[in-house]
Amino acid sequence: MNQLIYEFATWLDTHSWSTQLHESFYMYNLVESTHVLALMVSLGMLFLIDLRMLGLAFVDIPATAIAHRLLLPMLIGFSVMIVTGLLLFYAIPVRTSQSLWFRIKVVLLIAAAVNAWLFHRRMQDADSSAGGSWDLAVKAPRRLQIGAALSLSFWVLIVICGRLIAYDWFDCRGEPSTFVSTITGCVADQTQF
Amino acid sequence: MSSRMLPSYTRSVAVIATIGLCLGFAFSNARLDTYSALLPLFEWMETTPFGVIGKTWGAVFATVQAVHLLAMAVLGGAILVSDGRLLSVIFTDVPQRQVQDACHRLFVWSLLLSIITGVFMACGVAIKVYYLNVFWYKMLALTVGVVFVFFVRRPLLRHDIENLNPWVLRMVAVASLMIWFSVAATGRWIGFSG
């Protein structure tokens with residue numbers, strides 16, 4: 001598996017556009033800044049929804065109104081983040097694919113996506129079973145609160161991991177321990193980093 | 001200084017006097033003198049516990065940076081929803097007062113968290129940021145943002161919002177979005193300067 005990921009990353013690295021993006025000071029920083037600033041739209045909206053479900057913000061406004069009205073701007077923000085995130089990976093494919101933090105981040109992103117899917121299903125269930133009677137309550141039903149707390153936790157960890165990708169503590173170039181080497185996917189006799 | 005403490009004529013005079021003072025400061029030697037006088041403060045910042053931790057433990061510095069980003073995300077969310085409501089593009093069926101008050105509470109908490117984590121980060125790289133122009137642009141943008149929120153936006157929105165001219169509300173929202181985008185963009189710019 002690690003060998004496959006390495007081969008895929010080195011193949012991406014052969015693309016001239018990948019090199020050009022990595023070496024372009026303005027374009028790379030523009031993409032990176034857009035990725036970070038899109039946080040304000042995507043996570044900004046998501047956190048407002050989660051805080052409402054936990055009864056920590058917007059308690060005067062119906063919970064479903066918050067969840068439904070903020071969904072579109074949140075999805076637009078996440079779309080920008082996904083596109084710019086893929087471009088950032090494309091610019092530095094080998095090092096990123098072998099970053100311990102990037103790998104943890106991907107696992108957390110999958111967990112956050114599954115949690116979001118479950119959260120929306122639970123919200124539909126709560127809507128149909130309680131007939132919307134919970135909508136004006138300060139706190140959402142317990143299952144939705146758990147979903148919101150998990151969402152907040154996942155995204156806090158995702159942002160921390162994203163920030164730590166910039167650090168080279170566990171890079172393959174630094175010859176890490178066998179355990180770290182296996183997790184990060186370092187390949188024996190690899191020539192590209 | 002609350003808007004209720006001063007009549008509108010006095011407020012106008014105070015605003016014009018403040019702008020005049022700022023311009024005088026910007027185009028006189030006072031600005032350079034103040035800049036030079038601040039160097040010992042920044043040198044001291046690097047010796048504080050925040051500065052020592054920030055320089056010694058990269059993981060702590062990176063985690064605080066991430067918390068700063070998360071606080072900015074909440075701040076951005078509160079501003080976008082609040083200004084979106086003023087522009088009548090979101091929550092149009094929810095009273096202005098409810099949206100503005102809820103957003104302002106969230107804004108204040110996230111601003112406090114951003115400032116605390118920002119001070120920690122600045123202590124770790126104090127001398128570096130002292131010599132970065134963009135750091136001062138960010139501080140200027142942040143000051144303008146805070147002054148705008150607490151001395152212009154909030155006092156204005158304390159009035160009966162529904163009876164205010166919609167164009168005034170739109171102008172306030174656009175100005176707010178531009179100011180806070182400048183704060184975020186200059187902050188990001190610090191990351192790849194120097």
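Q: How much area do chain B and chain A bury between them?
A: About 2,600 Å², with 80% of it on carbon and sulfur atoms. Buried area is the accessible area (1.4 Å probe) that two parts lose on being put together, summed over both. B:Leu70, B:Phe91 and B:Arg188 supply 22% of what chain B buries against chain A, more than any other three residues.

Q: What kind of model is this, and how are its residues numbered?
A: This is a predicted model, in which local features need pLDDT of at least 70 and side-chain atom pairs count only at pLDDT 80 or more. Residues are numbered from 1 along each chain as its sequence is written, and chains are lettered from A in the order in which they are written.

Q: What makes B:Arg188 and A:Glu32 a salt bridge?
A: The term asks for a side-chain nitrogen of Lys or Arg within 4 Å of a carboxyl oxygen of Asp or Glu. Here the closest N and O atoms are 2.9 Å apart, so the pair fits the definition. The count between chain B and chain A is two salt bridges.

Q: How do you know that the span of H4(B) agrees with its number of residues?
A: Helices here are DSSP runs (H or I, at least four residues), numbered from the N terminus. The expected span is 1.5 Å times one less than the number of residues. For the 29 residues of H4(B) that gives 42 Å, and the end C-alpha atoms are 41 Å apart, so the two agree.

Q: Why is H4(B) called mostly covered?
A: Buried means under 20% relative accessible area (1.4 Å probe, protein chains only), and 22 of the 29 residues of H4(B) are buried.

Terms used: Side-chain values use heavy atoms; hydrogens and water are left out. Helices (H or I, at least four residues) and strands (E, at least two) are DSSP runs, numbered from the N terminus. Buried means under 20% relative accessible area, exposed over 50%, partly exposed in between (1.4 Å probe, protein chains only).
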